[in-house]
Number of protein chains: 2
Amino acid sequence: MTLEGKQLIGSQAVEAKGEPIHAVNPATGETLEPGYKAGSKAEVERACELAWAAFDSYRETGLEARATFLETIADEIEALGDTLIERAMQESGLPQARLQGERGRTCGQLRLFASVVRAGEWLDVRHDPALPDREPMPRVDLRQRHIALGPVAVFGASNFPLAFSVAGGDTASALAAGCPVVVKAHSAHPGTSELVGRALQKAVARCELPEGVFSLLFGSGREVGQGLVSDARIKAVGFTGSRSGGTALMKTAQARPEPIPVYAEMSSINPVFLLPEALKARGKELGEAFVGSLTMGAGQFCTNPGLVIAVKGEALDGFVEAAAEAVKGAGAQTMLTPGIHDAYTQGVNTLGGSDKAREVARGPQGDGPNQCQAGLFVAKASDFLNDEALQAEVFGSTSLVVECADLDEVKALAEGLEGQLTATLQMDDGDIDAARGLLPILERRAGRVMANGWPTGVEVCHAMVHGGPYPATSDSRTTSVGSAAIHRFLRPVCYQNLPDALLPQALKDGNPLNVSRLVDGKREA
Amino acid sequence: MTLEGKQLIGSQAVEAKGEPIHAVNPATGETLEPGYKAGSKAEVERACELAWAAFDSYRETGLEARATFLETIADEIEALGDTLIERAMQESGLPQARLQGERGRTCGQLRLFASVVRAGEWLDVRHDPALPDREPMPRVDLRQRHIALGPVAVFGASNFPLAFSVAGGDTASALAAGCPVVVKAHSAHPGTSELVGRALQKAVARCELPEGVFSLLFGSGREVGQGLVSDARIKAVGFTGSRSGGTALMKTAQARPEPIPVYAEMSSINPVFLLPEALKARGKELGEAFVGSLTMGAGQFCTNPGLVIAVKGEALDGFVEAAAEAVKGAGAQTMLTPGIHDAYTQGVNTLGGSDKAREVARGPQGDGPNQCQAGLFVAKASDFLNDEALQAEVFGSTSLVVECADLDEVKALAEGLEGQLTATLQMDDGDIDAARGLLPILERRAGRVMANGWPTGVEVCHAMVHGGPYPATSDSRTTSVGSAAIHRFLRPVCYQNLPDALLPQALKDGNPLNVSRLVDGKREA
């Protein structure tokens, strides 16, 4: 397939008029063709118009039809074959195996949502039958289902060109909920985006859905991104990226005549707590494993462990020593974009320049442009709590070990943290009491609490929470990974005393969709 | 019980230092004792401190203990006996039977949430067991439950001194979710609030819960209200009231260092669509029934039908004539407060002064202060759509009939409406097609769609949605009435690979709480 460098609006490929956006191969600095002429108000307008026109029809597609559509998208992405992986490698600098895995995850995610759509629990069907003889007042017939919020604007993420981009988790869950989607491609990987966008266009056509179910725009965050979030026909936003980007979208969404929900997954340093017994028993082993998590994918994960917290002493020194050795041996990796590499370098320099943080190791510099040189720093708890610069996320393979005087200071530090995606406990049996003391704090601070693992690697399943209190996300009541993500794009509607002919299928007498229902407060499977 | 006029902070009654707030009997103009000295920062601080201290413990109360607490609150409110009804009558001007009914609803609501807590579906327990042998990567053990968001600020509403105030729906659902609650009493009924607050204090003590589970503050919206919403320990807000009040709280909540969700139920004119066949068959009857709904409780309901939409012609003229007669015969009723009466008078005068709206009937003026004089106006659809003044909510027994040229204009008008709590269809069998054409629009515009009923009267049950798109509420994804309201105050947390000793009861192996679980994507009842 030849890349055309055009906006994909409904079933069309349209050439815009702005300055062309070119991807850059971060491993070589080479500019990649074609250029994608940036879209503007006109393209936003047309995509939103089509999305709105498609909405009422698409949200009422049957469970089977909608599930088949999601599966068809997965099939069409797989049908792109090596072309997709090769282009994504060029645009992201990520290795082949990682991108193949990410493609598997992306397609698996679409198929997971297909199964969720078919099961129909997301409809949350409720029925309180009429009680005409109730005293003092009769009860009318009341039924409830969930319907789609409306067209959703999705922002592609830099660090997952497949799984959090054009057909990633936000798109999959919004489409599953019955929402048309308008994606703003991330400018770092426009070619990958076009390929996946074409697959989506094909799936829409094959499933004979209204063309406005999906559009893909290329352009600037200011013009296309803010334009989408400001458009009255957009009813929710999915975003994965920086804190400044996410909060800007939140502001725009709140300032609209009709404010809308923004699901922004933003900033997290993912604290790892090394509890005393575990540290004593296997500090060295933990240090090595920790650096494995820290340097995976050049640390460019939202769940990268950017903070290690423990009581100071010999055991922690052993951990730091082993981690320092591992950092020194961690090969440099190409980062996703020059911009991300610059921000990383600046973040590391801030730590390095602070008299409160001590550098204990740097990794090899690497050859070529945009190499991520790993880093490990140590600071005191009191300094950490009093210095916002030490608390800032450094997106990449650098982490800070914070030494506490005792477990009380560990708890105080946990309480002082901002909202996080994850919190990790390294613990042995003898640490149960210490862990029990920390757990209520971590539950309040993070969306996912784990023991004896590492935060990188987010399973796409039913129980996953990839979310957490602000600023980890803009809305702690949800997750952006896993089947529960569908709930972000739904709202309840109650139907009172409607004739059967008007009731949606999900609510008709006899339960023709055969979905789980709450009838008079009792669960019917 | 003697009213003391004090703030109820935890287990204490504390005298504040501000200007005293006095209720006024709207039926007589009489000032009621005692005065409630307005609270300030100090009282907000103390209540939030106690709420925060209570949070970790209260959110982990067992299902049975929490349900019993909710039932105990209901028992204690009932134990107040006639004292409560009498004080509420004095402070609100509402009739005895209405307040007795409202007390029944309030206590029924608490008991409904007790049953919801016991059933445990709100925990949304999910378990994806470990798959150590999965290829290419093993899966770790992942479990999810929902936990309480944190302390919640609840604002008492003027129009339901019991059901939407101190122990109303917001408080009941927040407590059910495991959130401590700090209520700001509505200044129109401080005595009623104190009585219910004392009942709540007793229930907290009887159930041996931490005192900070509940506090009740009296004071201004600016100082106490905004103070609460700004406090870092408050994690969500429940509000029922005006659009200006609700949007002010939304702004404050968004401007915090950590933005929090605001559930504000604000403004709705609750359109009623008279479809042609129904109008032809029973226009007169509909006109009379409509005015029954319009004048109920002096029209002081969020779901009061403030707008009637139909195709013009003889049938609609018959409806208007019958409604006009009924309005003329509708006895004046005392409104809740002088402020509400003033706003009502102003709203009616705006309609009356518009050259786009024709007055067709006014009710009797009534004797004494603060009497609601019902009103009925007629306007053309094109004028309605072009004049925001005609679209504004008039809180009270006045409604506007909008005449459309044909069904297409009816649909255009429906599309032009802001978000609503309810939308009503008056329809006969022959109207099915017209109703089917309107339904997708109404679903997008309203939280509850009904046929052949009237919007006033909101059943507290499982299928109810008392919500809707902005500005009906600040968050269309929820309801403030009915058992689903509990979800507003919860967020998911995922537990990865935690030892059984650390897992919360809800997630332990063997399902000791015996709650419904989603295991590997399959529902286990």
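This note goes through a predicted model of two chains, A and B, point by point.

1. The contact between the chains is a good place to begin. In this model, 72 residues of chain A are in contact with 72 residues of chain B, and the two chains bury about 5900 Å² between them, with 54% of that area on carbon and sulfur atoms. Glu443(A), Arg477(A) and Leu502(A) supply 12% of the area that chain A buries against chain B, which is more than any other three residues give.

2. Charged and polar pairs also span this contact. Between chain A and chain B there are 12 salt bridges, and 48 residue pairs are in polar contact, counting pairs in which both residues have pLDDT 80 or more. On the side of chain A that touches chain B, the elements giving two or more residues include helix H8 (243-255), helix H15 (432-445), strand E20 (446-451) and strand E21 (490-496) of chain A. Helix H1 and strands E5 (125-128) and E6 (142-148) of chain A belong to that list as well.

3. One of the salt bridges deserves to be looked at individually, since the side chains of Arg145(A) and Glu443(B) meet in a salt bridge with an N to O distance of 2.6 Å. Side chains of opposite charge can pair when their charged atoms come close. Across the whole structure, a search over all chains finds 78 salt bridges.

4. A sheet is built from strands of both chains. This open sheet of 12 strands, with mixed pairing, follows the order E15(A)-E17(A)-E18(A)-E13(A)-E12(A)-E19(A)-E20(A)-E21(B)-E6(B)-E5(B)-E22(B)-E23(B). At its edges stand strand E15 (357-362) of chain A and strand E23 (522-524) of chain B, and because each has a single partner strand, one side of each is left without a neighbour in the sheet. From one strand to the next, the twist averages 20°.

5. Within that order, the pairing of two strands of chain A can be followed down to residues. Strand E12 (residues 271-274) and strand E13 (residues 307-311) of chain A run parallel and are joined by three bridges, and Phe273(A) has Ile309(A) in E13(A) as its bridge partner. Strands of a sheet pair through backbone hydrogen bonds, either parallel or antiparallel.

6. A parallel pair in chain B can be read in a similar way. Four bridges join strand E10 (residues 236-240) of chain B to E11(B), the two running parallel, and Phe239(B) stands opposite Ala264(B) in E11(B). In a regular strand the side chains alternate between the two faces of the sheet. Strand E11 (residues 262-265) of chain B is covered on both faces, because Val262(B) and Ala264(B) on one side and Tyr263(B) and Glu265(B) on the other are all buried.

7. Where does Tyr58(A) lie, and is this residue buried or exposed? Tyr58(A) is found in helix H1 (residues 41-58) of chain A, and with a relative accessibility of 0% it counts as buried, because the cut-off for that term is under 20%. Leaving aside neighbours within four places in sequence, Tyr58(A) is in contact with residues including Arg66(A), Phe69(A), Leu175(A), Pro180(A) and Val213(A). A polar atom of the Tyr58(A) side chain lies 2.7 Å from the backbone oxygen of Leu175(A). The C-alpha atoms of Tyr58(A) and Ala148(A), which are 90 residues apart along the chain, are separated by 9.4 Å.

8. Several charged residues in the model are buried. Arg98(B), in helix H4 (residues 96-119) of chain B, is buried with a relative accessible area of 18%, and beyond its neighbours within four places in sequence it is in contact with Asn159(B), Phe160(B), Pro161(B) and Phe301(B). In chain A, Arg143(A) forms a salt bridge with Asp141(A), their closest N and O atoms being 2.7 Å apart; Arg143(A) is buried at 6%, and Asp141(A) is buried at 12%. Arg126(A), also buried at 6%, forms a salt bridge with Asp124(A), with the closest N and O atoms 3.2 Å apart.

9. A further salt bridge sits in a helix of chain B. Glu288(B) and Lys284(B), whose closest N and O atoms are 3.3 Å apart, both lie in helix H9 (residues 276-295), four residues apart, about one turn of the helix. Glu288(B) counts as partly exposed at 42% relative accessibility, whereas Lys284(B) is exposed at 57%. Elsewhere, salt bridges that share partners join Asp56(A), Arg59(A), Glu60(A), Arg145(A), Glu415(B), Glu443(B), Arg444(B) and Arg445(B) into one network.

Key
Residues are numbered from 1 along each chain as its sequence is written. Chains are lettered from A and ligands numbered from 1 in the order in which they are written. This is a predicted model: local features need pLDDT of at least 70, side-chain atom pairs count only at pLDDT 80 or more; totals for chains, interfaces and linings use all residues. Side-chain values use heavy atoms; hydrogens and water are left out. Buried means under 20% relative accessible area, exposed over 50%, partly exposed in between (1.4 Å probe, protein chains only). Contact means heavy atoms within 4.5 Å. A polar contact is a pair of N or O atoms within 3.5 Å; within protein, one must be able to donate a hydrogen and the other to accept it, and residues adjacent in sequence count only if both atoms are side-chain atoms. Two strands pair if DSSP finds at least two bridges between them. Axes are lines fitted to C-alpha atoms, for helices over the stretch in contact, and angles run from 0 to 180 degrees between N-to-C directions. Buried area is the accessible area (1.4 Å probe) that two parts lose on being put together, summed over both. A salt bridge is a side-chain nitrogen of Lys or Arg within 4 Å of a carboxyl oxygen of Asp or Glu.
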